[in-house]
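Reader: I am new to this structure and should be grateful for a close look at a single part of it. Please explain each term, with its cut-offs, as you come to it, and then place that part among its surroundings.

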Amino acid sequence: MCALSDSRIAGLYKLGVSERIAELERLGWLAPAQAAALLRGRQVLSISAADKMIENVVGVFALPFAIAPNFTVNGRDCLLPLVVEEPSIVAALSSAAGLAREGGGFQAKLEESLLAGQIYISDCPDRDAALAAIQASREELIQLADAVHPRLAERGGGVRSIEDRSIQLPSGACSVVVHVLVDTCDAMGANAVNTICEAIAPRIEELCGGHVALRILSNLADRSVVTATVRFPSELLRDGNRSGAAVRDSIVLANDLALADPYRAATHNKGIMNGIDAVAIATGNDWRAIEAGAHAYAARNGHYAALTDWSVAENGDLAGRIDIPLKVGTVGGTLKSNPAAAMGLAIAAVTSAKELAELMAVVGLAQNFAALKALATTGIQAGHMRMHARSVAANAGVPGHRLDEVVERLVESGEVKAWKAREILCDLQGPSTDALASTAAAAGKVILFGEHAVVYGRHALALPIENAVSATVSKSDSPSTLRVADWDINLSIDANRSDGLHGAINIIRDALGVADYNFAIDVRSHLPRGVGLGSSAAIAVALTRAIALCADVKADDARVNGIAYECEKLFHGTPSGIDNTLACYGQPTLFRSSDGLRSTALAVAEPPPVVVAISGEVGLTRELVAGVRERYDESTSHYEQIFDQIDSMSQQGAKLLQRSDYESLGRLMNVCQGLLNAIEVSTPDLERMIAIARNAGAVGAKLTGAGGGGSIVALCPGNEEQVRTALRQAGYQTLDVAVGTEHCNE
């Protein structure tokens, strides 16, 4: 077994996915190639490989792939790979493993690993004679069986024994059963054992004089039973006001109840399998066979009972033990065809099926301890509730830096709901300035095609960034103020200024006829400034809507859009109008400004799978537009040809978007990027980001917005998380707001 780093990794759950992978690579648990595969999602089973594994494949179903740190087994530090969707399992295992280290860690042992093949013979004329014939022919049968798989014997495996017995059927008839016990080495061995049974069944039928009824393996692997043990010093079990001894005794009692009552035992053993199944799936093993064998073993004495035993040791420690049949494999066809299973085995760092079985038994014992300790102290729901709260808060849009605090308050409230998470977040960010405050939202924008060309009367194709900016406005007796916390802006608005945000707010107040009113304005933006995502237009739209609502002024979308366009002229000089149109209407749009603003809202079936990433450079739209104008004037005919090509791409791209033909759309984006580079609005940093996105699985990637820095958009069907992770790993920020298809909430 290879020697790796200390498996104690503090605070792993607090890191982002890419940061966790980087930390595991730094500590030596992942090789660089493995880390790269995880970052790019290359460990995932491909649909073409899946199609070769089973019938009628239409896709690949994903589950979370996690690791549990802190384990030490037989003196070796281990990380355990887990594939599981149930909250709290990973945290519970990590916590249990950390406590177990204080008592010397886990011990596990597998004495033998044999898989039984069964051959049933019915209608034997003389049962005793049949059994005697089999016993007399054991060596012959073993030789016949080993001849079926000679390479298995060469590897040190093969048939170890032939056993026989008779059973009485419900009808009263008797059947002879022959067990062929096979050492399958590092393979689970189902196919090998079934083949052996089929090969020697005719000879057994001949010896018994009856008829072969069945020939197949048994998943009750009671000749492959792993024993795992652990000790927890009682003082480590203290919980609040409860002494460690009291918690210890409660755990022992809970286990005793599961030994006596099959109703309790069913849930008790299910908890054990939560951990074992997760490792089995992560390493490509047949978790269904493992489940069947474990539950059958739990009922081997005619009474279904707990698979574990917890007791008080002579020194007062809590002593735990599990005995469980585990016939698993580390080699085989299915494992070879599934790269995710190979990754799981690499993380487990096992060198044999025996070691993997021992790790699985340890995980079952650790999971059982965690569950019984929770039952004996806080209750089983506490951990589940916390993980559920974390999921609810994340889905409610709580930003990462506020997540832990919101989760704590969400659990304390007892109302683990999205609305409560948003309410807590608003409370943490500060109350609105007035009980009668009005709030409105606006969308940002991502341009797929048409940057700069749209200024010259060509089409542009753009998508909305939903609810990218919100503005909360209340009337004030003091001079108007503006706070944009995300941009570190706090202004006292000068009614006489006509530049920047001062000028924009004055334009809005004049246009709405509320110039005599003062407002306290609080803006929250998910969009950074100056990165080509329409932040200025989104702020103008959100402010216009919120001020109109606060002052009770009617302002439909057309009026709001017109006011925002005037603000855009203040910000950018000669804007095309696409930014304010997307900000206002919040729909995928094919836009053209020639002969007046023309926009066509597009019906799109689903949110396109795009990732938006932001560079470290800020592009100034006014300067970039002016630079393109200078070059256009110098090479008008060439630029006209380029803009005509981009115009064609915008119109064709709209059709591809509506058909969800992402492969073709991505190729078109790549060509468009070449044209944008030709008009000198791309940068080396943007080109690097585009290359990273494409290498990580994006079918298309290009800059979005004016360029000169700013942002890129990558089209990533099935690979969004991989592309996002690769960009973040390279040091770039990715946008966490949805690029969608619906009208923004007003």
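Author: In this predicted model, Ile614 stands opposite Gln733 of strand S21. Strand S18 (residues 610-614) and S21 run antiparallel and are joined by 2 bridges; two strands count as paired if DSSP finds at least two bridges between them. Strands (E, at least two residues) and helices (H or I, at least four) are DSSP runs, numbered from the N terminus. In general, the strands of a sheet pair through backbone hydrogen bonds, either parallel or antiparallel.

This pair belongs to an open sheet of 4 strands, ordered S19-S20-S18-S21, in which the pairing is antiparallel. At its edges are strand S19 (700-704) and strand S21 (733-734), each of which pairs on one side only. Helix H24 (residues 662-678) lies across S19 and strand S20 (711-715), and runs at about 45° to S19. Helix H26 (residues 720-729) also packs on the sheet, where it touches S18, S20 and S21, and its direction makes about 10° with that of S18. Contact here means heavy atoms within 4.5 Å; axes are lines fitted to C-alpha atoms, for helices over the stretch in contact, and angles run from 0 to 180 degrees between N-to-C directions.

Some conventions apply throughout. Residues are numbered from 1 along each chain as its sequence is written, and side-chain values use heavy atoms, leaving out hydrogens and water. Local features need a pLDDT of at least 70 and side-chain atom pairs count only at 80 or more, whereas totals for chains, interfaces and linings use all residues.

That score, pLDDT, is the predictor's confidence in each residue, from 0 to 100. The chain averages 88, and 93% of its residues score at least 70. Among its elements, strand S10 (residues 318-325) has the highest mean, 98, and helix H15 (residues 381-395) the lowest, 67. Over residues 742-746 pLDDT stays under 50, and the model has 21 contacts beyond four places in sequence for them.

S10 leads to another open sheet of 4 strands, ordered S3-S8-S10-S9 with antiparallel pairing. Its edge strands are S3 (107-110) and S9 (308-312), and neighbouring strands are turned by 15° against each other on average, direction ignored. Strand S8 (residues 225-232) is joined to S10 by 8 bridges, with Thr227 opposite Asp323. H11 packs on this sheet, touching S8 and S10, and its direction makes about 115° with that of S10.

Helix H11 (residues 287-298) also gives the largest share, 3 residues, of the lining of the largest cavity. On a 1 Å grid over the protein atoms alone, a cavity is a set of points where a 1.4 Å probe fits but cannot get out, a pocket is an open set with protein on both sides within 12 Å along at least five of seven lines, and lining residues have an atom within 4 Å of a point. Grid points are joined across faces, edges and corners, and a volume is the space filled by probe spheres set on them. The count is 1 cavity of 30 Å³ or more, and the largest has a volume of about 70 Å³. Its lining includes Leu115, Asp286 and Lys327.

The second largest pocket has a volume of about 790 Å³. It is lined by 42 residues, and those closest to its centre are Ser536, Glu568, His572, Asp579 and Thr621.
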